[in-house]
Structure formats: C-alpha cells, structure tokens
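User: Please take a close look at chain B of this model, going through its confidence, its fold and the side that touches chain A.

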Amino acid sequence: MKARLRSRLPVLAAGLVAVAFPFVTSPGKHFYAVLAVIYSLVALSLVVLTGWTGQISLGHAAFLGLGVYAGQRFLHAGVPFPVVLVIVGLASAALSLVLAVPSLRLRGVYLAIVTLAFGAACERYIFKLGFLRGQLASTVGRPSFFGISTASDRNLYLVALAVLVVALAAVANLRRSDLGRVFLAVRDAEDAATALGVNLARSKVTAFAISAAMAATAGVFYAVLFQATPAPSQFGVLQSLFLLALPVVGGLENPAGAVVGGTLFAFAQPVCNAFGLRLFLVTGLLVIFVVLSRSDGLTGLVRRFVKGFGDAVHGEARARYGSFVPESAAASNGAPHPRVRLDAPLPAGSCLVVRLAASSGGVS
Amino acid sequence: MSQLLNYVVAGLSIGAIYALMSIGVVVIYRISRVVNLAHGAMGIFATFVFHYELVGRLGLPVPVAFVGALGVGAALGVFVERALVGPVRRDGILATLVMTVGILLVLTELTVQFWGPDQPVIRSIFSDRTIRFAGTGVTVHQLGTAVFVAALGAGLYVLLNRTRYGRAIEAIAMDPGAARIVGLPVRRITTVTWAIGGASAALAGMLYIHLNTLEQFSLTFVLISSLVAAVLGGFNSLPLAVAGSLAVGVSFSLAQGYLNDPGIGDLIVFAALLVVLLVFRSGKTTALDTVSEF
C-alpha cells in the first residue's frame with residue numbers, strides 16, 4: 001500500500017499543479033495552458049497508436065484538422081459542446097478506417113508513407129472542400145460545457161483539463177486491460193501475436209479509432225481556443241511531423257510522456273519567440289537528440305537516470321529500456337534482478353525463504 | 001489534342017523531377033534500408049546555399065555554383081549518414097523514420113532561420129528558351145532535366161546492377177558485418193553512396209525550384225509523390241521508380257488540367273499509393289526489410 005501510494009505521488013502532484021495553475025498565473029498564460037492540454041491529448045493519441053501498437057502515423061494532423069472543421073460546423077449548428085465532442089470523435093474514428101484498413105496489409109515504413117500521403121491529401125484537397133472548410137475562415141464561438149461558460153481561457157482550460165484527465169484515466173486502464181497487452185504484442189511481434197490467436201485486424205482498427213477520436217476531440221478544443229478555423233496548411237504534413245515529435249520527445253510509451261511533451265512544446269512557443277528561434281527547429285533538434293540518446297523521450301531519460309542511480313547504489317548491472325532499444329540489447333537485460341540480503345550467516349541445513357517484491361513501474 | 005499534348009509534356013517535365021527524387025531515395029534505401037524522409041529537405045537546403053551563398057554572396061558563375069551546390073548536397077548526405085542515421089540504423093524502423101523526420105524539421109527550419117521566409121525565383125544552368133514542335137513546346141531547362149534523369153538513371157542502374165560496386169552495396173545492406181569480413185570497405189562505400197544520394201537531392205532541388213518559387217516545404221511534397229514511384233519498385237528497382245515517377249507526373253498533370261482543381265493531385269497520389277501497395281505489391285512488402293547487425 002505504501003509503495004503504491006509513493007508511485008502515485010508524482011501523478012497527484014502533477015494534477016494539483018495543473019488545477020492550481022490558472023489560479024496563480026496571469027490570464028496571458030492561460031492560452032498556452034489550453035494549448036498544452038490540446039497537445040497532450042494529441043500526443044496521448046499517438047502514444048496509443050505509435051508507442052503501443054507500433055503503427056507510425058505521419059498524418060495525424062489530419063484528424064486534428066477534421067476535429068477543427070467538423071467541430072466548427074456542429075457548434076455553428078447549435079449542437080451542445082459535449083455532444084459535439086462525441087460526434088466528432090466518432091466521425092474521426094470512422095475516417096481512421098481509411099488508414100486502418102491499409103494497416104492490415106502493410107507494415108513499418110510502407111504504412112508510414114501511406115499516412116504521409118493521407119496527410120498531404122487532406123491538407124491540399126479534402127480540407128479545401130466546401131462542406132468542410134471551404135476557402136474562407138469562419139469564426140467559432142465559445143460554447144458552454146454542461147453549463148460552465150468557456151468564455152475565459154481559464155474556464156476553457158479547466159474543461160479541457162477534465163477531458164484530458166478522463167482520457168488519461170481511460171488510456172491508463174486500457175494499458176492494463178487485455179486489449180492494451182494485445183497492442184504491445186502487435187507492436188513487438190505481429191506474427192507471434194497472430195499465432196496466439198490475437199485478432200490482429202480488430203486490435204489495429206481499434207487502436208486507430210481510439211487514436212483518431214482523441215486527436216479529433218483535441219481539434220474541437222483547438223477551434224474553440226482560436227475561435228476560428230485556421231487554414232488547412234495548419235493541419236498539413238509539417239504539422240503532422242511536429243505532432244509526432246510531441247510524444248517522441250516526451251516519451252512514446254508512457255501517457256506521462258504525452259503530457260510532458262505536449263506541455264513542453266505548448267510553452268516552448270513563447271520561449272522560442274523570445275530567443276528568435278523557430279519552434280520547429282528546436283523540435284527537430286530535440287527529436288534528433290532523443291533518438292540518438294536511445295531512451296524513451298524525456299520521461300524515459302529521467303526514468304533511466306533514476307533506475308541507473310538506483311542500480312548503481314544497489315550494485316546492479318546496467319539495463320536498457322525504451323522504444324529505441326534494439327531487441328538484442330533489451331534481451332541482455334535478462335530477468336528482473338532479485339535482491340537477496342542476509343542479515344546473518346545461515347546456519348547449516350536451514351531453509352531459505354525468498355520473498356520477491358516486484359518494483360513498481362519497472363518491468364512489464 | 002494539342003492541349004492533351006501540353007498536359008503530357010508538362011507531366012513528363014514534373015515526372016522527371018519525381019524521378020530524380022525517387023532515384024536518390026532508392027539509392028539511399030539500397031545501402032542503408034532507410035527511407036530518407038529528409039530527402040526533400042536536403043535538396044532544399046542545398047538549393048538555398050546555391051541561390052543565396054554561391055550565386056548571391058560569392059557571385060560565382062551559375063555552372064560553377066551548380067557544381068558547388070551538388071557538393072553541398074553530397075556533404076549533407078555524408079553528414080546525415082555519419083552523424084545521425086548511421087548510429088541508429090540498427091534500432092529499428094521507428095528510430096530511423098523519426099530520425100529522418102527530425103532532420104527534415106531541422107533542415108527546413110534552418111533555411112528560414114538563415115535566409116528568411118522569402119521565396120525568390122532561382123537561376124538555372126539551362127536557358128528558358130522554348131523549343132516548339134507539334135503544337136506544343138518545351139524549354140531547354142525541361143529538356144536538360146530529362147537529360148539529367150536519363151544520364152543519372154542509366155549511370156546508377158549500371159553502377160548498381162552491373163558492377164562489383166553495386167554488388168558490394170547489396171552485400172553491405174544485407175549484412176555489414178559479413179561484408180567487412182570479406183574485405184569490403186564498408187564505411188567508404190556507405191559514405192560514397194549517401195554522397196550520391198545527397199547530390200541527387202540537390203540536383204532535384206535546383207531543377208525543380210527553378211520552375212517554381214523557392215518554398216521551404218515544396219520539395220517534401222514532391223518527395224511524397226516520388227515515394228509512390230519508389231514504393232512501386234519496392235525501393236529497390238531504379239527503372240520501376242523512374243517509370244512510376246513519369247506515370248505519376250503525367251496523371252498529376254492530366255488531373256489538374258482537366259479537373260481544374262489544384263489539390264486533386266495529392267488525392268490521386270494517395271489513391272495511387274494504396275492501389276500500388278495493396279494490389280501490385282501485396283505480400284512482397286517485407287522482402288527487402290532485413291537489416292543485420294554490424
């Protein structure tokens with residue numbers, strides 16, 4: 001119970017900071033806080049799809065864009081905000097079939113290229129269709145959410161944060177469910193998973209649907225935040241690459257990584273502007289650094305450091321974890337190291353009782 | 001009739017650029033088993049150096065600057081291989097793809113950081129004089145592009161498929177360790193091949209941008225079309241890549257001409273990609289994907 005409480009402590013602290021944030025900062029920062037929540041949602045959708053299921057999406061901005069444009073249409077028609085979130089999420093999940101069906105036949109780089117072309121087609125053609133956006137931007141109002149007015153950025157932030165918390169809880173539970181384990185099996189060994197009776201088609205389609213629905217939900221908040229429908233190039237190929245960078249830099253296998261990455265890049269924009277740097281330049285450099293570091297983003301780096309520190313204290317051999325670790329290196333990590341400590345020399349003929357305690361969040 | 005011919009010629013002209021790009025992508029894939037998403041960005045970066053530094057600041061004559069820019073592209077290719085892609089090559093497809101995405105972002109944004117967001121028209125080593133025939137016409141620049149494609153494609157085809165060097169590339173891609181044991185200079189061959197790939201990116205950049213304005217991201221859209229053609233040959237076949245590029249270019253041009261909708265081409269590329277992958281190449285997509293240990 002105590003270990004469980006200790007592992008929850010960072011989550012609780014982060015939650016407290018997130019809720020307290022708009023009450024202790026100036027209203028100017030609330031805009032970036034909403035953006036951080038939106039980015040975190042998109043990054044979370046990529047954690048499920050790319051980090052867990054291993055399907056690389058280079059066209060995810062298309063789902064964000066769909067959320068923006070479709071959300072604007074429904075909000076204009078007077079549909080209540082929560083209902084819009086559900087409708088747009090379902091519509092986006094349906095659209096994700098365009099990618100999910102090819103993913104049943106394609107792997108790795110071929111699927112990545114399909115998603116890239118999908119993103120390009122959405123940016124240059126589909127989003128310019130009259131019934132989605134058309135040529136002219138339209139305004140989006142700030143609807144109320146279950147009676148809560150979102151006219152101020154602070155209220156919008158709290159509403160978005162509530163949606164993010166629900167999504168985080170759902171995703172964390174998903175990871176512990178059968179389906180979550182199936183996702184990892186699909187990523188690590190498709191053939192082996194099939195041999196064990198995993199329904200590959202169903203799990204891939206589900207992963208795409210969950211991911212697309214989350215990204216589109218984020219898109220609705222994007223439209224409400226900017227109170228307008230930005231140009232399709234805002235949801236194009238370059239933006240897709242940026243969105244993939246969020247969880248990669250934060251940590252692709254970990255919901256916490258999505259939040260870290262999303263928050264980091266939302267607040268990086270004003271910082272980059274202050275230094276006269278381009279945000280995407282910094283993004284690219286961070287991505288290169290993370291891939292070269294071979295850790296699972298910044299959260300993976302921290303976890304590796306903490307683990308390495310603990311191992312050094314306990315005199316354990318070095319172990320490597322994360323999405324970018326080659327199989328051969330991960331295999332040499334071996335079984336979890338049991339720690340046996342004897343308080344006194346064993347009398348001859350005595351029976352040794354070993355109690356194994358699984359360390360929290362270590363080995364999956 | 002003459003309008004059809006016009007569209008076909010325009011399509012072949014853009015298809016030639018696609019072909020240049022896909023040749024570079026295929027060459028790099030042959031040696032490293034990495035699909036270089038940063039190929040367009042590398043070409044654009046070299047083109048910026050050509051326009052702003054070599055021609056603009058140093059005032060070199062255009063042909064000299066042209067060769068210089070090819071050198072810049074080659075150097076860029078070598079740097080990317082040595083410092084960035086090479087070290088993570090064995091970490092799997094996610095690592096290499098994300099790495100090339102990072103390089104794409106950095107190179108694209110560096111051009112804006114260094115040279116600003118202007119989109120000037122750049123110079124070409126060929127003149128823009130139009131040669132007229134049969135009711136249509138091509139510029140010398142377009143003909144020159146076609147000659148480059150033919151020469152580079154044929155030269156690399158011979159190099160890759162008919163020489164010991166090409167067999168060495170295949171050996172290195174399949175098993176670098178074994179290639180080294182039989183005495184192949186693995187590092188040098190890898191470096192030279194990436195240099196060829198980088199130079200071809202620079203070539204495609206300069207030839208493409210002359211027909212358009214110098215937009216930072218335009219060549220990456222070209223790359224997406226080129227990837228369709230490269231996929232047709234499984235990233236392995238140069239003739240299929242070139243033929244596919246020309247086909248994509250012509251269908252692009254016909255669609256835009258007759259449907260009068262500038263964005264429809266990208267939809268066609270996406271549809272063509274699905275058809276190529278799911279119909280023509282079903283079951284063969286993993287044949288070349290093995291990468292062994294160093």
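Confidence and contacts of chain B

Analyst: Among the elements of chain B, strand E1 (residues 130-133) of chain B has the lowest mean pLDDT, 75, and H3(B) the highest, 92, where pLDDT is the predictor's confidence in each residue, from 0 to 100, and helices (H or I, at least four residues) and strands (E, at least two) are DSSP runs numbered from the N terminus. This is a predicted model, in which local features need pLDDT of at least 70 and side-chain atom pairs count only at pLDDT 80 or more, while totals for chains, interfaces and linings use all residues. Residues are numbered from 1 along each chain as its sequence is written, and chains are lettered from A and ligands numbered from 1 in the order in which they are written.

Chain B averages a pLDDT of 84, with 94% of the residues at 70 or above, but over residues 284-294 of chain B the pLDDT stays under 50. Where pLDDT is low, the predicted coordinates should not be read in detail.

As for the fold, chain B has eleven helices and two strands, and their order from the N terminus is α-α-α-α-β-β-α-α-α-α-α-α-α.

Turning to the partner chain, 43 residues of chain B are in contact with 38 residues of chain A, a contact being two residues whose C-beta atoms, placed from the backbone, lie within 7 Å. On the side of chain B that touches chain A, helices H3 (62-88), H4 (93-115), H9 (218-232) and H11 (264-280) of chain B each supply at least two residues, and H4(B) gives the largest share, 16 residues.
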